[in-house]
Amino acid sequence: MAQSQAVAIHYDKPMWASIRAKRMELQSCDDCGEFHYPPGPTCPHCLSMTLSWKPLSGRGKIVSWVVYHRQYFDDYPPPFNVVAVQLAEGPIIITNLVGPEPEGSWIDREVEIVYEPDARGEPLNRVRLVG
Ligand SMILES: [Zn+2]
């Protein structure tokens with residue numbers, strides 16, 4: 001087994017740099033104003049190639065979740081969760097919920113981005129419940 005590891009391609013590098021700085025940013029279109037994820041060369045909403053990296057509010061809500069009871073990586077001992085979070089800016093990211101877990105359904109629970117050290121000690125974006 002091995003440690004999990006971010007795989008950064010050309011378009012991802014500014015995002016990973018912003019996460020390491022504990023101030024996550026995503027691409028935003030200078031023409032239509034929409035944020036999008038994953039990063040790429042064009043806006044998926046209007047096909048503009050005029051894009052900027054902008055900071056996120058850090059707020060969002062859970063749109064899906066799963067709890068794994070099998071180990072895939074040394075740094076994710078079971079049980080561990082994976083959540084899909086729709087950010088306030090629109091894009092959906094995949095991450096982990098840290099801290100208290102909701103009773104019952106996790107859907108529509110409000111969360112905020114927090115930064116916790118990964119297995120190498122580098123900040124990694126996760127989310128925790130708000131309120
Ligand atoms: Zn656009």
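Here is a quick tour of a small sheet, the helix beside it and the two domains of this predicted model.

## Ground rules

Residues are counted from 1 along each chain, following the sequence as written. Because the model is predicted, local features need pLDDT of at least 70 and side-chain atom pairs count only at pLDDT 80 or more, while totals for chains, interfaces and linings use all residues.

## The sheet and its helix

Three strands make an open, antiparallel sheet, ordered β2-β1-β3. Strands here are DSSP runs of E with at least two residues, helices are runs of H or I with at least four, and both are numbered from the N terminus; two strands pair if DSSP finds at least two bridges between them. β2 (35-36) and β3 (51-55) sit at the edges with a single partner strand each, so one side of each has no neighbour in the sheet.

Strand β1 (residues 25-29) pairs with β2 over two bridges, in the antiparallel sense. Look for Q27, which stands opposite H36 in β2. Helix α1 (residues 13-20) packs on the sheet and touches β1 and β3, with its direction at about 135° to that of β1 (axes are lines fitted to C-alpha atoms, for helices over the stretch in contact, and angles run from 0 to 180 degrees between N-to-C directions).

## Two domains

The chain splits into domain 1 (7-55) and domain 2 (57-131), with bounds from an automatic or database domain assignment. Their centres, taken over C-alpha atoms, are 20 Å apart.

Nine residues of domain 1 are in contact with ten of domain 2, contact being C-beta atoms, placed from the backbone, within 7 Å. On the domain 1 side, α1 and β2 each supply at least two of the touching residues.
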